[in-house]
Every structure is written in C-alpha cells, then in structure tokens.
Amino acid sequence: MNKSDNISETNEELAEERAPEASVAPEGADVAEGTPDGAAAAAAPDGEVALDYGENILEVRHLKKYFPAEKNFWGKPVSFLKAVDDVSFAIERGQTLGIVGESGCGKTTLGRTILRLNSSSGGEIIFEGRDIANLKPSELRPLRTRMQIIFQDPYSSLPPRYTIGDTISEAAMIHHIVPKSELRDYTLHIMHQCGLQDYYYDRYPHEFSGGQRQRICIARALAVRPEFIVCDEPVSALDVSIQAQIINLLTDLQRKNGLTYMFISHDLSVVEHISDRVGVMYLGSLVEIGDKKDIFGDPEHPYTQALLSAIPVPDPHYKRNRIILEGDIPSPVNPPSGCKFHTRCPKATERCSEEVPELRDLGNGHLAACHFCGR
Ligand SMILES: Nc1ncnc2c1ncn2[C@@H]1O[C@H](COP(=O)(O)OP(=O)(O)OP(=O)(O)O)[C@@H](O)[C@H]1O
Ligand code: SF4
Ligand SMILES: [Mg+2]
C-alpha cells in the first residue's frame with residue numbers, strides 16, 4: 001500500500017475498518033435486486049430524471065448502496081441497510097454540487113460509492129461519459145487520479161511518519177504526473193497553490209494545526225491533477241475562523257484548475273456559500289435538487305423547508321418560523337412505505353404512506369420528490 005494514494009488502497013482499508021463484511025461485498029446489482037422485501041423496486045421512480053443540462057462530468061442514475069444488516073445462519077444477508085437508495089443526479093463540469101441532510105442520511109456513502117471506494121448495489125455512475133459502476137479494480141486504476149476525496153478529519157488522514165513533501169509528492173510520483181527530476185519543484189508549486197510555505201516540505205503532520213493539515217490534504221488531492229473532488233465535510237472539524245480560509249482556498253483552486261466538486265456538509269450556510277446547485281438527502285434518497293438560489297430561496301420539499309428553517313438568522317429583530325420535525329429519523333433498514341418522510345412530514349396525507357413520490361422536474365432544473373410540490 002502506498003501512503004498517499006488517498007483514493008485507493010488507503011480508503012478501501014478505512015471502509016473495511018468500518019464494516020468489514022459490507023465493504024468486501026461483491027460488486028454488482030445482486031444485493032439490490034435480491035432485497036427480500038422488494039423495496040428497491042417499490043422505491044424506483046417510474047420516469048427518468050431529466051439530466052440534460054450543460055456538460056455533465058458526472059451522471060448518477062438510480063444509484064444504490066445497500067449494506068447487509070442481518071444475516072441468517074448460513075451467512076446470507078436477510079435484510080439490508082439502504083444507505084443510498086435509488087439516487088439520480090448530474091454535476092456540470094466546473095460546478096459545485098452541495099449535498100445536505102441530517103446525520104446518517106447517506107451523504108458520505110453516496111460520495112464513496114461514486115468514487116468506487118464502496119462497491120455499488122445497483123445503478124450507473126457515468127463519469128466523463130463512461131459507466132464506472134462495474135469496472136474492475138485494474139480498470140479503475142487509471143481513473144483514480146481523476147477523482148479524489150478530501151475528508152473531514154485532517155488529523156487521521158495524513159500518515160504521521162512521512163514528511164509533508166513526501167506525502168504530497170508520492171501520489172504524483174506513483175501516477176507519473178511529472179518526471180522524477182521535476183517532482184520536488186512540482187510539489188512545491190502545488191504547496192504554494194494551497195498556501196503552504198516551502199519549509200513545510202520537510203516537516204511532519206503533528207507540527208501543524210488543523211487548518212494547515214487540511215491544506216496539506218487538499219494539496220495531496222490536487223497533486224494528481226484531478227477533475228472531480230468529493231469534499232466530505234472538509235471544514236466541519238475546523239475552528240470557525242479557519243473554515244472561511246479553507247472554503248476560499250477550495251473556491252480559488254476550483255477557479256484556477258476548472259475543478260468540479262461534490263461538497264458534502266450538514267452546515268447549510270457553508271453549502272449556500274460554495275455551491276452552484278444543492279441536493280437534499282433524506283434516509284438514502286434525494287428528495288430535492290436545484291440551483292442554490294431556488295433551494296435556499298424557494299424550497300419546495302417539506303423536508304428542505306424544515307431543514308432551512310433551522311438556519312440561525314443574524315438579525316435579532318427577524319424571527320424565522322422554525323418547522324420542528326416530530327419523531328426520530330426512521331431506520332434505513334426498514335424505511336417507511338410510500339414517501340419515506342411521511343412519518344415526520346407536517347403535510348403528509350394518506351396517499352403519502354402508500355405511494356412513492358417521483359423526483360419531478362418543477363422547471364429550471366429544480367426537482368423535488370413530493371406528491372404536492374409544484375401543484
Ligand atoms: N460501511 C458501512 N457498513 C454498514 N453501514 C454503514 C456503513 N457506512 C455507512 N453505513 C450506514 O449507512 C447510513 C448512511 O451513513 P453515512 O455515513 O453515509 O451518512 P452521512 O449522511 O454521511 O452521516 P454524517 O452526517 O453523520 O456523516 C448510516 O445508517 C450508516 O450507519
Ligand atoms: S409526499 Fe407527502 S409525506 Fe412526502 S414530502 Fe410530500 S407531503 Fe410530505
Ligand atoms: Mg458523513
């Protein structure tokens with residue numbers, strides 16, 4: 001295993017640490033199709049989601065990631081945790097798609113599955129025009145440099161015994177990004193782009209603060225010249241004062257290098273700041289997606305409305321009507337029938353518990369999965 005190829009072996013190990021059985025599950029759609037209760041079929045929308053806006057670097061179609069939840073005596077899964085359940089969307093090249101939703105709704109699993117750090121349980125992942133959902137590891141390897149991930153915790157994601165220079169340069173060396181003779185200069189150039197000074201090159205991670213470490217992680221991701229980066233809560237572990245600096249760095253790098261981001265966060269203000277489009281997830285499903293101004297200015301789905309109503313308002317004279325959601329988030333092993341949100345939705349009717357709402361286009365690329373949105 002190399003230490004800095006942060007999208008390949010390192011992350012696959014992390015996945016295995018978290019759930020050994022799930023992460024080594026065989027590739028393909030068998031898990032989804034074999035779901036004992038047939039929920040996969042029930043959850044599938046009838047129509048195709050409209051995806052044809054601009055030049056899409058990524059299109060995700062009916063993506064599923066089911067983890068085995070319970071197994072029978074013979075080790076065969078009998079129930080599944082539907083972490084990502086029939087999700088479809090697209091990201092235009094050079095743009096940022098923010099992904100929001102409560103803890104456990106499947107944001108990280110979605111990002112990892114798109115990058116093929118998890119196997120998928122069904123659906124397509126069209127990256128630069130090619131479906132990568134079922135590629136073999138050897139076929140995926142050349143794509144690894146094009147897709148990277150930045151994690152929430154910059155403390156645990158840097159190898160402690162390697163200098164910053166080694167960590168950043170190793171991925172570039174392994175993937176032959178530049179000739180060996182140019183590696184040091186190239187690494188220093190990437191470090192400069194990320195606001196890291198030359199003398200950091202020979203220093204070790206423990207010598208740095210959280211913000212600097214996150215810059216190092218960003219530099220390591222950038223060193224292999226990716227096109228697409230999943231940023232998984234990249235500022236959540238940082239002091240508020242540092243968060244803005246990292247967000248500005250990501251924005252700056254995107255502009256200079258034409259990067260595309262999928263920016264996962266539960267901090268709606270950060271997502272509003274950085275995103276072009278925003279997707280809202282609930283219990284493994286995408287319930288609403290649209291341009292930032294539509295999602296934040298005119299949210300259609302009752303869940304999005306409730307989420308946004310919780311954002312603090314800086315003006316003490318203005319009181320926002322907070323929508324308090326009753327009840328706990330249901331289990332993704334046994335999600336509610338019909339609309340998964342019906343057990344907590346203030347607008348639910350009888351129909352909602354029976355019929356799965358389709359993700360419908362309400363115009364201008366704004367889609368929502370609610371029977372009553374836009375009607
Ligand atoms: N490797 C795994 N094995 C089994 N279950 C998993 C695994 N990874 C995630 N899950 C489950 O999948 C669901 C979605 O988890 P995920 O980490 O994707 O959520 P999240 O939206 O990123 O949450 P958070 O905001 O807390 O980071 C959760 O119920 C989680 O327990
Ligand atoms: S379909 Fe029904 S339960 Fe679901 S969000 Fe719409 S009103 Fe609420
Ligand atoms: Mg997460």
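Okay, so helix H13, residues 302-309: the buried residues there are Pro302, Tyr303, Thr304 and Leu307. This is a predicted model, by the way. What do those buried residues of H13 pack against? Two of the partners are helices, H11 (268-274) and H12 (292-297). The others are strands: E3 (96-100), E9 (277-282) and E10 (285-291).

Next up, helix H7, residues 164-174, and I'll take its packing against H9 and then H8.

With helix H9, residues 210-222, the packing angle is about 25 degrees and the axes sit 7 Å apart. Angles under 35 degrees count as roughly parallel, so that's what we call H7 and H9. On the H7 side the contact uses Ile164, Thr167, Ile168 and Ala171, and H9 brings Ile216, Ala219 and Arg220. By class, that's five nonpolar residues, one polar and one charged.

Now H8, residues 183-193. Here H7 packs at an angle of about 115 degrees, with the axes 9 Å apart, and the crossing is right-handed. H7 puts in Gly165, Ile168, Ser169, Ala172 and Met173, while H8 answers with Leu183, Tyr186, Thr187, Ile190 and Met191. This contact has seven nonpolar and three polar residues, and no charged ones. Notice that Ile168 turns up in the H9 contact and in the H8 contact too.

Last thing, ligand 2. Which residues come closest to it? Cys339, His342, Cys345, Cys352 and Cys370, out of 13 that surround the ligand. The shell splits into nine nonpolar, three polar and one charged.

Okay, that's my bit.

Definitions and conventions. Residues numbered from 1 in each chain as written. Chains lettered and ligands numbered in written order. Predicted model: local features only at pLDDT ≥ 70, side-chain atom pairs only at ≥ 80, totals over all residues. Near = placed C-beta within 6 Å. Nonpolar A, V, L, I, M, F, W, Y, C, P; charged D, E, K, R; others polar. Buried ≥ 20, exposed ≤ 12 C-beta atoms within 10 Å, placed from the backbone. Helix = DSSP H or I, 4+ residues; strand = E, 2+ residues; numbered from the N terminus. Contact = placed C-beta atoms within 7 Å. Axes fitted to C-alpha atoms, helices over the stretch in contact; angles between N-to-C directions. Parallel < 35°, antiparallel > 145°, perpendicular 65-115°, else oblique. Left-handed = near helix turned anticlockwise from the far one by under 90°.
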